[in-house]
Amino acid sequence: PIWLLYYLSTKLEDGIDVRLTIFAIMTSFAVGATVIRFCDKATGMPLKFGIVTALYGFLIAATWIDVISEHLVNILELIGVLLRIPSPVMGMTILAWGNSVGDWTTNGALAQRGLADMSMAACFAGPSFNLLVGLGFGLLTQKESLMTAEGLNVTMMPTVRTGFIFLITNCIAAIVSSLYHGGIIPKMHGYVFWTFYFAYLSMSAQHLM
């Protein structure tokens with residue numbers, strides 16, 4: 001509760017009431033003392049409480065990632081300003097690569113263990129979650145000063161438009177290849193994916209020049 005209170009205080013312009021702060025501190029100590037008192041070390045935590053704890057841990061981890069990523073973006077913006085690198089270039093290279101390292105290592109480990117279906121599903125489920133849930137949450141939490149009567153003004157940059165085209169083309173190519181080879185994507189098709197990506201970087205760089 002203390003961390004969630006701090007997280008909310010960074011998102012709300014009016015801050016947090018002092019009484020709510022005291023309540024969060026008391027609740028944290030009460031929950032911790034309850035777990036220590038009633039949790040059996042031999043058998044572990046009951047399943048119904050374990051599920052709640054796991055979901056709560058996921059929420060805490062998500063807020064930590066949000067705070068850390070916000071500071072990382074600020075650092076990247078500072079590096080871009082110092083080195084005179086356009087922000088779109090930073091976004092489609094360093095930020096994108098750093099954002100994908102975790103998925104790359106995890107999905108690769110799953111594929112090496114024979115869980116190819118899970119790995120392939122995660123490759124598409126992760127970006128889908130970022131686009132649908134992440135972008136939706138970002139729009140819902142925008143400050144009112146940035147919003148108009150119609151909504152949030154967004155400019156479709158050429159790099160974003162190019163990315164959409166290559167992303168859709170890549171998905172269609174994967175589906176066609178899978179259907180043509182009887183539900184199997186051949187190894188050589190990985191070079192096609194790489195070709196799409198480097199072509200996307202090249203075309204996006206041309207738009208920025």
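This presentation describes the structure shown above, beginning with the overall fold and then turning to individual residues.

Good morning. Please keep in mind throughout that this is a predicted model.

I begin with the fold. The protein contains 7 helices and 0 strands. If we follow the chain from start to end, the pattern reads α-α-α-α-α-α-α. Let us next consider contacts between residues at least 6 apart in sequence: 53% of them join residues at least 24 apart.

How much of the protein counts as buried? The share is 14% of the 209 residues. The protein exposes about 16400 Å², and carbon and sulfur atoms supply 72% of that area.

I turn now to the interior. As general background, nonpolar side chains in soluble globular proteins tend to be buried together. Which residues make up the largest nonpolar core here? There are 6 in all: Met-92, Phe-166, Ala-173, Phe-196, Tyr-200 and Leu-201. Two elements, H6 and helix H7 (189-208), each give two or more residues to this core. H7 gives the most, with 3 residues.

One member of the core, Tyr-200, deserves a closer look. Leaving aside neighbours within four places in sequence, Tyr-200 is in contact with Met-92, Thr-159, Thr-162, Gly-163 and Phe-166. Among these partners is Thr-162, which has its place in helix H6. Thr-162 counts as buried because its relative accessibility is 6%, and the cut-off for buried is under 20%. With the same neighbours within four places set aside, Thr-162 is in contact with Tyr-200, Met-203, Ser-204 and His-207.

My next topic is helix H3, which spans residues 47-83. Two of its residues will serve as examples: Thr-63 and Leu-76.

Is Thr-63 buried or exposed? With 5% relative accessibility, Thr-63 counts as buried. The side chain of Thr-63 reaches the backbone oxygen of Ile-60 at 2.6 Å. Beyond neighbours within four places in sequence, Thr-63 is in contact with Trp-3, Leu-4 and Tyr-7.

Leu-76 is also buried, as its relative accessible area is 18%. Not counting residues up to four places away in sequence, Leu-76 touches Met-90, Ile-94 and Leu-95. Leu-76 and Ser-87 are 11 residues apart along the chain, and their C-alpha atoms are separated by 8.7 Å.

Finally, I come to the surface. A nonpolar patch is formed there by Phe-129, Leu-131, Leu-132, Val-133, Met-156, Met-157, Val-160, Phe-164, Leu-167, Ile-168, Ile-172 and Val-176. Together, these residues have about 1100 Å² of accessible area. Helix H5 (116-140) and helix H6 (158-180) are the elements that give two or more residues to the patch. Which element supplies the largest share of the patch? That element is H6, with 6 residues.

One patch residue, Met-157, is found in the loop between H5 and H6. Why does Met-157 count as partly exposed? The reason is its relative accessibility of 34%, since partly exposed lies between the limits of under 20% for buried and over 50% for exposed.

To close, I return to helix H6. This helix gives two or more residues to the largest nonpolar core, and it also gives 6 residues to the nonpolar patch on the surface. Thank you for your attention.

How values were computed: Residues numbered from 1 in each chain as written. Predicted model: local features only at pLDDT ≥ 70, side-chain atom pairs only at ≥ 80, totals over all residues. Heavy atoms only, no water. Patch = residues over 30% accessible without salt bridge, like charges linked within 9 Å, V, L, I, M, F, W, Y side chains within 5 Å. Areas by Shrake-Rupley, 256 points an atom, 1.4 Å probe, with all protein chains shown as cover. Salt bridge = Lys/Arg side-chain N within 4 Å of Asp/Glu carboxyl O. Helix = DSSP H or I, 4+ residues; strand = E, 2+ residues; numbered from the N terminus. Buried < 20%, exposed > 50% of the residue type's maximum accessible area, 1.4 Å probe, protein only. Polar contact = N/O pair within 3.5 Å; in protein donor to acceptor, adjacent residues only side chain to side chain. Contact = heavy atoms within 4.5 Å. Core = buried A, V, L, I, M, F, W, Y, C linked by side-chain atoms within 4.5 Å.
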